[in-house]
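Reader: I would be grateful for a close look at one strand of this model. Please set out how its side chains are arranged, what it pairs with and what surrounds it.

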Amino acid sequence: MARYTGPRVKISRRIGFNVFENKKGDKALQDRPYPPGENGRKRVRETDYGTQLKEKQKVRYMYGILEKQFRNYYKEATRMSGITGENLLVLLESRLDNVIYRAGFASTRPQARQIASHRHLKLNGSLVDIPSIQVKPGDKIELKDSSQNMIIVQHTIDTGQDNEVPSWLSVDNNKKTIEVLSLPSRGDISHQIEEQLIVELYSK
């Protein structure tokens, strides 16, 4: 299963956004709010292409997807009815690992990816180990019996009581179950993403 394993803080500093959602990334951006390298402090006028590329890289790293897989998501989004950029984000948000993260069972998407890939989950009663599975309305996700008392999940639930669960999910923290009520809308997805820049990049 392919995933990015390189330096994370450098990526966040280069993009200017904590794409890996970790404390180190937040601190690094506060202490050194400029790209890494000896020329990082220099102000360089960014081209339109550079802005579009940075936005694509931001979203790709946020969801933990490599380039080929991300391009495939984009191609699928273009075949769907509606707005391509919004279709792309809906596909990414509907991944199993992202649903686990949005439900508050994991503190980061990489953590959610690990929970899924280590076979701790059931989807509609069947064990799954593919983080990229696309969920659909009516799907039910739960921790398998032997994983109900996982410390990492319980700790995340206990420390994230104030986190808002998106309206397209129904979550039972006691039973550790998730029901997908609908597909997410654009309003449910981060407003810090400018998907139109990604569409412009791939349309060239």
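**Strand β3 and its surroundings**

Author: In this predicted model, I141 is in contact with L96, V99, I100, L121, K122, L123, V135, K176, T177, I178 and V180, leaving aside residues up to four places away in sequence. I141 belongs to strand β3, which covers residues 140-143. The side chains of β3 alternate: those of I141 and L143 are directed to one face and are buried, whereas K140 and E142 point to the other face and are not buried.

The strand has two pairings to consider. Strand β1, residues 121-123, runs antiparallel to β3 and is joined to it by three bridges. Within that pairing, K122 has E142 of β3 as its bridge partner. Strand β5, residues 177-180, also pairs with β3 in the antiparallel sense, over three bridges. Here the bridge partner of I141 is I178 in β5, a residue that also appears among the contacts of I141.

The contacts of I141 lead on to the nonpolar core. The largest such core has 23 residues, and I100, L121, I141 and I178 are the ones that touch the most other members. Two or more residues come from each of α6 (96-102), α7 (109-117), β1, β3, α8 (151-159) and β5. Helix α6 supplies the largest share, four residues. A second core, separate from this one, has 18 residues, including M62, L92, I193 and Y202.

Conventions. Residues are numbered from 1 along each chain as its sequence is written. This is a predicted model: local features need pLDDT of at least 70, side-chain atom pairs count only at pLDDT 80 or more; totals for chains, interfaces and linings use all residues. Side-chain values use heavy atoms; hydrogens and water are left out. Buried means under 20% relative accessible area, exposed over 50%, partly exposed in between (1.4 Å probe, protein chains only). Two strands pair if DSSP finds at least two bridges between them. A nonpolar core is a set of buried Ala, Val, Leu, Ile, Met, Phe, Trp, Tyr and Cys residues joined through side-chain atoms within 4.5 Å. Contact means heavy atoms within 4.5 Å.
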